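Q: Could you walk me through reading this structure, one feature at a time? I would like the general idea and then the case at hand.

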Number of protein chains: 2
Amino acid sequence: MTARSSSETTRVIPEATVARLPVYLRALTALAEGGIRTCSSEDLATAAGVNSAKLRKDLSYLGSYGTRGVGYDVDYLRYQIAREIGVTQDWPVVIVGIGNLGHALANYSGFRSRGFRVVALLDADAERTGEMVAGVAVRHFDDLETIAREHAVAIGVIATPAAAAQDVADRMVAAGVTSILNFAPAVISVPEGVDVRKVDLSIELQILAYHEQRKAHGQARGEVDGVDGVDGVDGVAVDGVEVATVGGDS
Amino acid sequence: MTARSSSETTRVIPEATVARLPVYLRALTALAEGGIRTCSSEDLATAAGVNSAKLRKDLSYLGSYGTRGVGYDVDYLRYQIAREIGVTQDWPVVIVGIGNLGHALANYSGFRSRGFRVVALLDADAERTGEMVAGVAVRHFDDLETIAREHAVAIGVIATPAAAAQDVADRMVAAGVTSILNFAPAVISVPEGVDVRKVDLSIELQILAYHEQRKAHGQARGEVDGVDGVDGVDGVAVDGVEVATVGGDS
DNA sequence: CGCGATTTGTTCTCGCGTTCACAAACTCAT
DNA sequence: ATGAGTTTGTGAACGCGAGAACAAATCGCG
């Protein structure tokens, strides 16, 4: 079955690796700004907050860009990762929902500096139309299709309330958007071929709260309800240092 | 070795499951608001956007809260999950860095409604001190220790520029904070026992860009690369619908 | 009371991702 | 040129999570 076709390198980068590449990219940029020209996998791993073995394996999926006995050329590797991710080119982006979060996103300098260009801010509220945010005029949501087609927008950001999210997603897809970053606290369904990533602020806090509660239980005890097992024996095992980088796994 | 003490049920909930519990909680809330009193695992799974088998397995880690042949009582299950996560109690939270994102976070209603109470907004810029944001006065960052101790704050949110993140984290830890949600695009290191979760907006976009680039390549060329086994039989595999819920896995 | 229908809880298997460990490759000093 | 010291790239083992499949349990109805 695995009639491995003619092509040699089966360029399949694991999803977990893809999620870490931007982290490496950022770490490399930081190193470059610090004047570092060359770094070892150990150096870069430390800067990125990961294991060096994992870093090397991740990079090996891209190719052999290091030199044994020496390390990696910072600028060269940086370019290779940027090219692999696709941020050497410019990606037009539309943001829908110009509330507090939409404002913050529109003003976020990290987008522009990383190859993303906000070509439109849209809101369903006609009151907001015309308002200038981060140098871009807010237009009505109905203009989505026109703008998306005009600028060949492939990536859309949803920053609306949960109730509007599905409708916005549908309209985006209809307008040709094939990648959606969803900040609305709602599950949206999209047709095949469309990628959705979801960022939920309150979920992150709830995950922290869970671990925080476990810590408290270990210390104070009390809290009879349902805590059958943990009788203080292994206070350590439960939660040591848990550094979870989101925007990571999927 | 696993001299698991007297207790029977080793209440260890997998991290992946913990990350999904808030999603289930939200879905249950939506169902409850729709007047639904009872639901099957299939119903809830659909509402949460996951596989029903996975949902049942996740819930089984909490206990047996369903009834075979019937399903789950929405309110009952909702309470059980909320209790497990720890959002039945109120968590005081401090937000440091009142820029665009800090503003958005302070105004985000999803926090309050889910058991989190913003007790302080802090900024290092003395200009901002006294400013009212979301009904809370902005105070100077130096007040962190005082406020954190006073309100027994365990959870802190970093919304500062990258350069300030590590310092803020250090001060938070010194003030007794043991869980940090970091929005700054920087890797921060904390002592053992302190949890850190990182949300990075631009990384999410970069991950989307990667997949978007692959799609484009696929169209232009004959998308030879990497499609090993699946030779058209089930065109689903490569990049069919990839819905990655962040704030999910870790 | 018994039987079919339904749905949960759990077991089993498979695949992915992480980590270890080491050979290959490169530099530098002598 | 050769050997010692580094560092990459990768093969292999391991553990966790996802998904399928099934047994156990409950309800409804005759």
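Q: Let's begin with accessibility: is D142(A) buried, partly exposed or exposed?
A: This is a predicted model, so read every value as computed from it. Since buried means under 20% relative accessible area and exposed means over 50%, D142(A), at 49% relative accessibility, counts as partly exposed. R171(A) is partly exposed too, at 32% relative accessibility.

Q: Which salt bridge do the side chains of D142(A) and R171(A) meet in, and what does the pair tie together?
A: For a salt bridge, look at the N to O distance, with 4 Å as the cut-off. Between D142(A) and R171(A) that distance is 3.1 Å. D142(A) sits in the loop between β7 (136–140) and α7 (144–151) of chain A, while R171(A) belongs to helix α8 (residues 162–174) of chain A, so the pair ties together parts that are 29 residues apart in sequence.

Q: How many salt bridges does the count come to over all chains?
A: The count comes to 24 over all chains. One of them lies in chain B, where the side chains of R139(B) and D143(B) meet at 3.4 Å, N to O. With a relative accessible area of 36%, R139(B) is partly exposed, and D143(B) is partly exposed at 25%.

Q: Which residue forms a salt bridge with D195(A), and how far apart are the closest N and O atoms?
A: The partner is K215(B), and the closest N and O atoms are 4.0 Å apart. This pair crosses between chains: D195(A) is in strand β10 (residues 195–198) of chain A, and K215(B) is in helix α9 (residues 201–220) of chain B.

Q: Are D195(A) and K215(B) buried or exposed?
A: Here the burial calculation takes in protein chains only. By that reckoning D195(A) is buried, and K215(B) is buried as well.

Q: Which residues are linked with R26(A) in a network of salt bridges?
A: When salt bridges share residues, it helps to read them as a group. R26(A), K198(B) and D200(B) are linked in such a network.

Q: Now the sheet. What is the order of the three strands in chain A?
A: Strands of a sheet pair through backbone hydrogen bonds, either parallel or antiparallel. In chain A, the open sheet has the order β1-β3-β2, with antiparallel pairing. Its edge strands are β1 (38–39) and β2 (66–67), each of which pairs on one side only.

Q: How many bridges join β2(A) to β3 of chain A, and which residue is the bridge partner of T67(A)?
A: Two bridges join β2(A) to β3 (residues 71–73) of chain A, and these strands run antiparallel. The partner of T67(A) is G71(A), in β3(A).

Q: On to the DNA. Which residues come nearest to DNA strand D?
A: A useful habit is to list the closest residues, then ask which atoms they meet. Of the 27 residues around DNA strand D, the nearest are S41(A), Y72(A), R20(B), K57(B) and R68(B). Among the atoms of DNA strand D within 4 Å of the protein, 62% belong to sugar or phosphate, and the rest belong to bases.

Q: Which contacts show phosphate and base atoms of DNA strand D?
A: On the phosphate side, a polar side-chain atom of Y72(A) lies 2.6 Å from a phosphate oxygen. A polar backbone atom of Y65(A) is 3.4 Å from a phosphate oxygen of DNA strand D. For a base, look at R68(B): an N or O atom in its side chain is 2.8 Å from a base nitrogen.

Q: Which element gives the most to the surface near DNA strand D?
A: That is α3(B), with four residues. By class, this surface has seven nonpolar, 11 polar and nine charged residues.

Q: And which residues come nearest to DNA strand C?
A: Of the 27 residues around DNA strand C, these are R20(A), R68(A), S41(B), R68(B) and Y72(B). Sugar and phosphate account for 66% of the atoms of DNA strand C that come within 4 Å of the protein.

Q: What do the side chains of R56(B), K57(B) and Y72(B) meet on DNA strand C?
A: An N or O atom in the side chain of R56(B) is 3.1 Å from a base nitrogen. K57(B) has a polar side-chain atom 3.3 Å from a base nitrogen. For Y72(B), a polar side-chain atom lies 2.7 Å from a phosphate oxygen. Turning to elements, α3(A) gives the most to the surface near DNA strand C, with four residues.

Definitions and conventions:
Residues are numbered from 1 along each chain as its sequence is written. Chains are lettered from A and ligands numbered from 1 in the order in which they are written. This is a predicted model: local features need pLDDT of at least 70, side-chain atom pairs count only at pLDDT 80 or more; totals for chains, interfaces and linings use all residues. Side-chain values use heavy atoms; hydrogens and water are left out. Two strands pair if DSSP finds at least two bridges between them. A residue is near a molecule or strand if one of its heavy atoms lies within 4 Å of it. A polar contact is a pair of N or O atoms within 3.5 Å; within protein, one must be able to donate a hydrogen and the other to accept it, and residues adjacent in sequence count only if both atoms are side-chain atoms. Ala, Val, Leu, Ile, Met, Phe, Trp, Tyr, Cys and Pro count as nonpolar, Asp, Glu, Lys and Arg as charged, and the others, Gly among them, as polar. Buried means under 20% relative accessible area, exposed over 50%, partly exposed in between (1.4 Å probe, protein chains only).
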